[in-house]
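Open the model in your viewer and set it to cartoon. Keep the selection tool at hand for a few short stops.

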Amino acid sequence: MNPSIEDPIARNRAPSNKPTRIVDVDALRAAALLLILIVNIAFFASGYAFQLVPDPAHDSWGDQAVVWLVEALFAMKAYLLFSFLFGYSFTLQLDSAARRNVDFAPRFRRRLAGLFVIGILHAVLLFHGDILTTYALLGLVLFAMRRVSVGTAVRIAVLVTGGIGFVLALAATGGVELVTDPATALAAGQRSTEALQGGLGSVIAEHVRQLPAMVGALLVQGPLAFSAFLFGYAAGRRRLLATVGENRQLLRRVQQVGYPVGLAGGVIFASGGGTANLTGLTAGVLTAPLLAAAYAASLLQFFRSDRGRRVVAVLAPAGRMSLSNYLGQSLLCVLVFTGVGLGLAGTVAPAVVILIAVAIYGVQLAVSAAWMARFQYGPMEWLLRAWTERQWPPLRAAHTSPALHR
């Protein structure tokens with residue numbers, strides 16, 4: 001599965017002479033929120049997804065085509081983009097702490113501790129595919145590596161990604177299968193779907209029951225997220241996202257390599273059954289970072305156009321409160337698909353599930369714009385900042401550029 005995540009540790013103040021570029025990063029984070037929701041919503045809509053088997057109730061060619069497209073284009077890409085932004089924002093925090101001459105270490109550790117607790121609650125109450133806890137733990141490793149050079153960070157990131165791909169390739173050639181008994185997996189998917197259709201107690205019990213399987217999934221997802229952390233750290237040290245206009249050639253090269261290689265890997269990944277097949281998973285692991293990078297390069301260049309600036313204005317508020325929106329996505333999906341709300345789990349075709357995701361995202365864009373017009377932080381960002389700073393920060397927005405609320 002591909003639980004995704006957001007970057008809740010990205011609220012340092014930007015240099016006052018580059019506000020629009022900071023807004024561009026917020027908009028990029030908001031765009032990743034949509035990709036995350038498109039991937040994650042399948043795990044709310046049916047219990048079969050966690051068992052790595054298709055829902056037999058929605059197995060027409062049209063249903064299969066929708067699932068295939070999501071796997072090829074978005075699965076394993078959205079959370080890597082957010083992980084990259086996590087690493088990038090980490091460098092902004094380091095610089096902010098240095099400018100203000102504050103002790104960064106205890107604040108950062110408190111922030112990660114708060115993030116870990118939020119992740120645990122999220123996993124139990126809303127979505128057992130949570131990755132916030134993984135971010136919190138990996139954040140400690142990133143902090144320990146805060147003095148490594150850009151070159152070292154990139155080399156380690158490449159080695160981690162290649163190492164995971166090598167291990168998966170060995171397992172694939174050795175005949176290891178992730179779904180050893182399809183009939184058993186289908187039966188488990190049916191039980192899981194029925195549990196999601198139940199009330200709050202049933203949903204929580206199902207989440208807890210699935211947590212051990214999630215730990216296994218994170219053995220692959222965790223290292224890949226950390227690799228993206230390091231790429232983001234390297235980009236942050238070079239301020240690549242703050243100087244998009246000066247790096248057009250680099251961005252074009254990323255697109256020229258990322259799209260053909262990444263899309264080819266996505267086709268292999270989706271055609272092999274996604275995460276259910278080790279051969280396809282190996283291709284996904286090795287190529288998803290390139291496609292995610294190509295997406296980011298394309299969006300950053302688009303944001304510099306006249307039309308792109310208008311899109312940035314719509315997206316940026318959602319990116320500024322991405323932790324709240326990530327958790328809000330899970331809450332809304334619980335209300336739509338589980339017995340806590342409408343109880344639609346197992347009854348909605350994949351194409352309609354995608355339409356629901358787009359509708360949820362549209363609501364979030366509107367709510368985020370209204371909220372950030374009045375307040376400096378999203379509600380969960382505000383609580384996390386209060387825990388980090390050990391005091392209640394002002395919530396009401398000052399009359400300054402939205403780009404400076406970071």
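Buried here means under 20% relative accessible area. Keep in mind that this is a predicted model.

**Stop 1: helix α2.** Select residues 61–73. This helix has 13 residues. From first C-alpha to last it reaches 18 Å, close to the 18 Å expected at 1.5 Å a residue. Now show side chains. Which residues in α2 are buried? Pick out D63, V70 and A72.

**Stop 2: the nonpolar patch.** Select F116, V117, I120, L121, L125, L137 and L140, and turn on the surface. Together they make a nonpolar surface patch of about 600 Å². Color α4 (104–125) and α5 (132–144): each supplies at least two residues of the patch. Which helix gives the most? That is α4, with 5 residues.

An α-helix has 3.6 residues a turn, so residues three or four places apart point the same way.

Stay on the patch and center on I120, which is found in helix α4. Why does I120 count as partly exposed? Because its relative accessibility is 40%, and partly exposed runs between 20% and 50%.

**Stop 3: H207.** Move to helix α8, residues 200–237, and select H207. Is H207 buried or exposed? H207 is buried, because its relative accessible area is 2%.

Next, show what touches H207. Leave aside its neighbours within four places in sequence. The contacts are then A123, V124, L125, L126, F127, H128 and L196. One of these, L125, also helps make the nonpolar patch from the previous stop.

How values were computed
Residues numbered from 1 in each chain as written. Predicted model: local features only at pLDDT ≥ 70, side-chain atom pairs only at ≥ 80, totals over all residues. Heavy atoms only, no water. Helix = DSSP H or I, 4+ residues; strand = E, 2+ residues; numbered from the N terminus. Expected span 1.5 Å × (residues − 1). Buried < 20%, exposed > 50% of the residue type's maximum accessible area, 1.4 Å probe, protein only. Patch = residues over 30% accessible without salt bridge, like charges linked within 9 Å, V, L, I, M, F, W, Y side chains within 5 Å. Areas by Shrake-Rupley, 256 points an atom, 1.4 Å probe, with all protein chains shown as cover. Salt bridge = Lys/Arg side-chain N within 4 Å of Asp/Glu carboxyl O. Contact = heavy atoms within 4.5 Å.
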